[in-house]
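Got a structure open and not sure where to look? Let's walk through it together, one feature at a time.

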Amino acid sequence: MYRKGEVSYQALPLPDRVQLPPEESLRAAQDFLAYMRKRHSVRQYAPDPVPQAVIAACIAAAGTAPSGANHQPWHFAAIADPGMKARIRAAAEEEERAFYAGGAGDEWLAALEPIGTGVSKPHLTDAPWLIVVFAQRWGTTEDGQRYKNYYVPESVGIATGVLITAIHHAGLVCLEHTPNPMPFLNNMLGRPAQEKPVMILPVGYPAADATVPAVAKRKKPLDQILSLFP
Ligand SMILES: Cc1cc2nc3c(=O)[nH]c(=O)nc-3n(C[C@H](O)[C@H](O)[C@H](O)COP(=O)(O)O)c2cc1C
């Protein structure tokens, strides 16, 4: 990563300019909405393999995300190795046991009840790939100097949203799994202490009998999430 002082401001003509006629723009927006309504977090996976190149392209798409000062404060670990997936599952289930035994608190557990989640996490070994998303609290230059990152949770959240959308676009499904806490992932995946694991995304094809919680289909209507000032 470059450092302040190593690069200076230089303007380029906007690449890839697009300007659709309004009606085409509306159609594109509505088509995308219909497409995104078909994205579902999935907890049951088929054993069918997914080529590594597909996972790499989805992660490259995530890497195009905007970020504070363009520092791109993220790292993604993609795991297909069955032994490593089994170790991640065992460690995650250990955290989940403490979480569901009371660590979460009553209100959180009540909120999770309609989602139907519990201690057992078979998706961590059934899915052909796990992608672990890390947020870099600070960065390090090639010569080992530390630099500050800005808006890290916002930037990593946007990149993860792009990743989830890319996975959906590739005809795959995933789950946003957040065992709490997750520092065991730093040790297992050899990532430095300044990187915070924020999410595990099992990625693959849904099992033939996959289900989704009915409550997940209840999205807030537009008038509840939008204030318009035309
Ligand atoms: C930050 C975040 C953390 C989540 N953590 C978990 C989790 O640990 N386990 C789980 O089963 N689902 C988890 N989910 C998935 C949500 O339950 C799911 O997104 C929600 O029920 C809506 O369903 P949908 O994604 O199919 O629209 C998480 C989602 C987000 C965005």
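What follows is a short chat between a learner and a teacher about reading this predicted model.

Q: Where do I start? How many helices and strands are there in the protein?
A: Start with the inventory, then the order. This protein has 8 helices and 6 strands. Going along the sequence, you meet them as α-α-β-α-α-α-β-β-β-α-β-α-β-α. For scale, the C-alpha atoms fill a box of roughly 55 × 50 × 40 Å along the principal axes.

Q: Next, the sheet. In what order do the strands of the open sheet come?
A: With a sheet, read the order across it, not along the chain. Here 4 strands line up as β1-β2-β6-β5, with antiparallel pairing. An edge strand pairs on one side only, and the two here are β1 (74-79) and β5 (173-174).

Q: Over how many bridges do β2 and β6 pair?
A: Follow the two strands side by side and look for bridge partners. Strand β2 (residues 129-136) and strand β6 (residues 195-204) are antiparallel partners over 8 bridges. If you want one pair to click on, take Ala 135, whose bridge partner in β6 is Lys 196.

Q: Which strands does helix α6 touch?
A: For helix packing, check which strands are touched, then the angle between directions. Helix α6 (residues 152-169) packs on the sheet and touches β1, β2, β5 and β6. Its direction makes about 160° with that of β2. Helix α3 (residues 82-103) is another one to look at: α3 lies across β1, β2 and β6 and runs at about 115° to β1.

Q: Now the ligand. Which residues around the ligand come nearest?
A: List the shell, then pick out the nearest members. The shell holds 13 residues, and Ser 41, Arg 43, Glu 176, Thr 178 and Lys 219 come nearest. By type, the shell splits into 4 nonpolar, 5 polar and 4 charged.

Q: What do the polar contacts look like, atom by atom?
A: Ask whether the protein atom belongs to a side chain or the backbone. Arg 43 puts a polar side-chain atom 2.7 Å from a ligand oxygen atom. Thr 178 also uses a polar side-chain atom, 2.7 Å from a nitrogen atom of the ligand. With Glu 176, a backbone N or O atom sits 2.9 Å from a ligand nitrogen atom. As for cover, the ligand has 620 Å² of accessible area on its own, and the protein covers 69% of that.

Q: Any backbone oddities? Is the peptide bond from Asn 180 to Pro 181 cis or trans?
A: Most peptide bonds are trans, and most residues other than glycine have a negative phi, so exceptions are worth a look. The bond from Asn 180 to Pro 181 is cis, with omega near 5°. You'll find Pro 181 in the loop between β5 and α7 (184-189). Asp 16 has a positive phi, near 60°, and lies in the segment before α1 (22-36).

How values were computed: Residues are numbered from 1 along each chain as its sequence is written. This is a predicted model: local features need pLDDT of at least 70, side-chain atom pairs count only at pLDDT 80 or more; totals for chains, interfaces and linings use all residues. Side-chain values use heavy atoms; hydrogens and water are left out. A residue is near a molecule or strand if one of its heavy atoms lies within 4 Å of it. A polar contact is a pair of N or O atoms within 3.5 Å; within protein, one must be able to donate a hydrogen and the other to accept it, and residues adjacent in sequence count only if both atoms are side-chain atoms. Accessible areas come from the Shrake-Rupley method with a 1.4 Å probe; for residues, only the protein chains shown count as cover. Ala, Val, Leu, Ile, Met, Phe, Trp, Tyr, Cys and Pro count as nonpolar, Asp, Glu, Lys and Arg as charged, and the others, Gly among them, as polar. Two strands pair if DSSP finds at least two bridges between them. Contact means heavy atoms within 4.5 Å. Axes are lines fitted to C-alpha atoms, for helices over the stretch in contact, and angles run from 0 to 180 degrees between N-to-C directions.
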